[in-house]
Amino acid sequence: MTLHSIRKYRSKAVLYGVLCLCGYAMYAQNPLITDQFTADPSARVFGDRVYVYPSHDIRCDDKEHLRPKWFCMEDYHVFSSENLTDWTDDGVIVSQEEVPWADATAYSMWAPDCIEKDGKYFFYFPAKARDTTLNGKGFSIGVAVADSPEGPFVPQPLPIRGVRGIDPNVMIDKDGQAYLYWSEKHIYGAKLRDNMLELASEPKILRDLPEEGLKEGPFVFESAGTYYMTYPHVAGKTERLEYASGKDPLGPFTYRGVIMDESPDGCWTNHQSVVNFRDQWYLFYHHNDLSPGFDKNRAIRADSLFFNADGSIQKVYPTLRGIGRTQSLGPIHPDRYSDKSKTGVSVTFLNQADTFAGWKTIMDKKEGWIRYNSVDFGKETPGYAVFKVRSGAGAILQLHPRNRNAPVLCDARIPKTETWNTVKVPLHRTITGIHDLVLELLEGTVEIDWMKFE
């Protein structure tokens with residue numbers, strides 16, 4: 001899947017000596033962002049958009065004072081979307097050099113969160129402090145404040161007194177009371193003062209969660225009068241996502257089960273947030289899609305989440321297709337498939353040396369097929385399908401709406417070529433509205449980057 005970017009410029013802050021930040025319009029499924037590493041997504045609905053505040057993994061092999069092959073993060077971006085398909089990067093909102101109290105050599109800007117209260121946006125983030133007299137050694141949690149979800153954010157001069165740990169999360173209850181949660185060997189919770197910058201109660205260890213194994217990354221939300229505490233937990237070898245529920249923001253909570261199983265590929269961490277957008281719940285999380293050989297460089301994802309009638313959460317199974325509808329006139333990437341045949345179809349990077357370049361689909365067995373869900377054709381039918389393909393032997397592809405038994409939309413004869421080319425073919429019939437698409441190989445072998453309609 002190739003990243004298609006549109007740049008726009010905003011003079012918001014100084015970044016590496018450049019007096020502007022670049023916003024990118026991105027078209028993606030899972031992972032959501034493909035031009036940089038992202039992790040620990042905190043998703044929020046502000047107005048009619050979803051904003052995601054992740055941490056930002058970078059490669060740090062050249063930083064001599066840092067622990068080799070460990071997490072390395074120096075700043076935060078914010079991404080937003082009005083349709084869950086097109087994501088805009090509004091650039092860096094906080095960096096370690098801008099935080100007065102943070103150690104700017106630690107590269108420890110780990111999982112953040114953001115919340116709105118009374119027209120102000122409060123961004124909570126962990127970092128290692130230069131001066132340990134306030135909260136002791138280790139991580140403290142700071143706050144940066146802005147007048148809009150994308151900033152500019154102004155870091156406060158000191159971290160929150162009495163809070164030592166990582167993974168801050170804030171929940172504002174129906175009565176307006178705000179609660180701060182964080183982790184440091186245990187998961188803690190406390191009330192916040194109205195200024196959102198100080199604790200209003202003593203930190204409380206939330207002890208009703210599983211005792212064995214690492215727990216971190218709390219994210220609390222309320223639905224139908226029930227408070228859901230979600231968190232990553234190492235019950236086995238790597239983190240899985242679990243949840244508990246209760247009738248009070250500070251518990252007691254009752255363990256309810258697993259939201260997402262351990263990664264089958266061995267990614268050691270996961271980190272989640274849960275958001276309701278336009279009457280649908282979504283789970284945001286991360287995986288190491290863009291760095292399969294190194295799980296400290298991760299990428300954020302999202303999939304739909306559903307509740308049972310009794311309020312329990314159905315287990316979420318990770319998908320490549322992810323969320324949102326894809327417009328038919330833009331690039332459609334079969335490599336982010338919804339389903340495929342057991343043989344004859346595979347997905348790999350376009351360029352193994354540059355994983356940000358995306359993926360390709362390889363079809364090499366007759367009757368191999370791949371399905372891509374939820375393509376929006378609108379009210380006006382296109383006349384042509386366009387494929388960006390490469391085939392060393394030539395191939396014939398057949399495209400169906402819905403399933404392989406549906407009437408054929410088009411037959412695409414792919415010429416023999418060692419380079420990437422676009423092949424444009426007329427459609428046999430009209431198509432409007434929202435449809436799944438199925439590509440089937442009738443003959444030869446072919447590599448597919450993307451397809452679209454004109």
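**Figure 1. A close-up of the structure's 1 disulfide.** This is a predicted model, and the bond here joins Cys 60 to Cys 72, with an S to S distance of 1.4 Å. The torsion about that S-S bond comes out at about -40 degrees, so the disulfide is left-handed. Both partners sit in the loop between β4 (49–55) and β5 (75–81), so the pair ties together parts that are 12 residues apart in sequence. How buried are the two ends? Cys 60 has a relative accessible area of 12%, which makes it buried because the cut-off is under 20%. Cys 72 is buried too, at 1% relative accessibility.

**Figure 2. Two further cysteines, Cys 114 and Cys 410.** Here we leave the disulfide and look at a pair of separate sites. Cys 114 is buried, and its relative accessible area is 0%. Cys 410 is likewise buried, with a value of 0%.

**Figure 3. The whole chain, for orientation between the close-ups.** What is the fold built from, helices or strands? The protein chain has 32 strands and 0 helices. Its C-alpha trace spans about 70 × 55 × 40 Å along the principal axes. A compact globule of 454 residues would have a radius of gyration near 22 Å, and the chain's 23 Å agrees with that. Of the 454 residues, 57% count as buried. Take the contacts with a separation of 6 or more: residues 24 or more positions apart account for 59% of them.

**Figure 4. The largest pocket, with a volume of about 540 Å³.** Which residues lie nearest the centre of this pocket? Out of 26 lining residues, they are Pro 264, Asp 265, His 287, Asp 289 and Arg 301. Two elements give two or more residues to the lining, namely β20 (280–287) and β24 (345–349). β20 gives the most, with 3 residues. As for chemistry, the lining of the largest pocket divides into 12 nonpolar, 7 polar and 7 charged residues.

**Figure 5. Ser 291, in the loop between β20 and β21 (299–305).** Is this serine buried or exposed? Ser 291 has a relative accessible area of 6%, so it falls under the 20% cut-off and is buried. Setting aside residues up to four places away in sequence, Ser 291 touches Phe 37 and Asn 297. Anyone zooming in on this loop can pick out those two partners around the serine.

**Figure 6. The largest cavity, holding about 50 Å³ of space.** The count of cavities of 30 Å³ or more comes to 3, and this view takes the largest. Who lines it? The full set is Ser 42, Pro 112, Asp 113, Asp 167, Pro 168, Asn 169, Gly 217, Pro 218, Phe 219, His 271 and Gln 272. Strand β11 (residues 166–172) gives the most to this lining, with 3 residues. By class, the lining of the largest cavity has 4 nonpolar, 5 polar and 2 charged residues.

**Figure 7. Ile 172, a residue of strand β11.** We stay with β11, the strand that gives the most to the lining of the largest cavity, and turn to one of its residues. Ile 172 has 26% relative accessibility, so it counts as partly exposed, a class that lies between 20% and 50%. Beyond its neighbours within four places in sequence, Ile 172 is in contact with Ile 115, Glu 116, Lys 117, Gln 177, Ala 178 and Met 196. How far is the C-alpha atom of Ile 172 from that of Lys 191? The two are separated by 9.7 Å, and they sit 19 residues apart along the chain.

**Figure 8. The second largest cavity, with a volume of about 40 Å³.** Lining this one are His 186, Ile 187, Ile 205, Leu 206, Arg 207, Leu 209, Glu 211 and Lys 215. How does that lining split by class? The second largest cavity has 4 nonpolar, 1 polar and 3 charged residues around it. The nonpolar group is made up of Ile 187, Ile 205, Leu 206 and Leu 209, while Arg 207, Glu 211 and Lys 215 are the charged ones. His 186 is the polar residue in the set.

Note on methods
Residues numbered from 1 in each chain as written. Predicted model: local features only at pLDDT ≥ 70, side-chain atom pairs only at ≥ 80, totals over all residues. Heavy atoms only, no water. 1 Å grid on protein atoms, 1.4 Å probe; cavity = no way out; pocket = protein on both sides within 12 Å on 5 of 7 lines; lining within 4 Å. Points joined across faces, edges and corners; volume = space filled by probe spheres on them. Helix = DSSP H or I, 4+ residues; strand = E, 2+ residues; numbered from the N terminus. Buried < 20%, exposed > 50% of the residue type's maximum accessible area, 1.4 Å probe, protein only. Contact = heavy atoms within 4.5 Å. Disulfide = S-S within 2.5 Å. Rg over C-alpha atoms; globule rule 2.2 N^0.38 Å.
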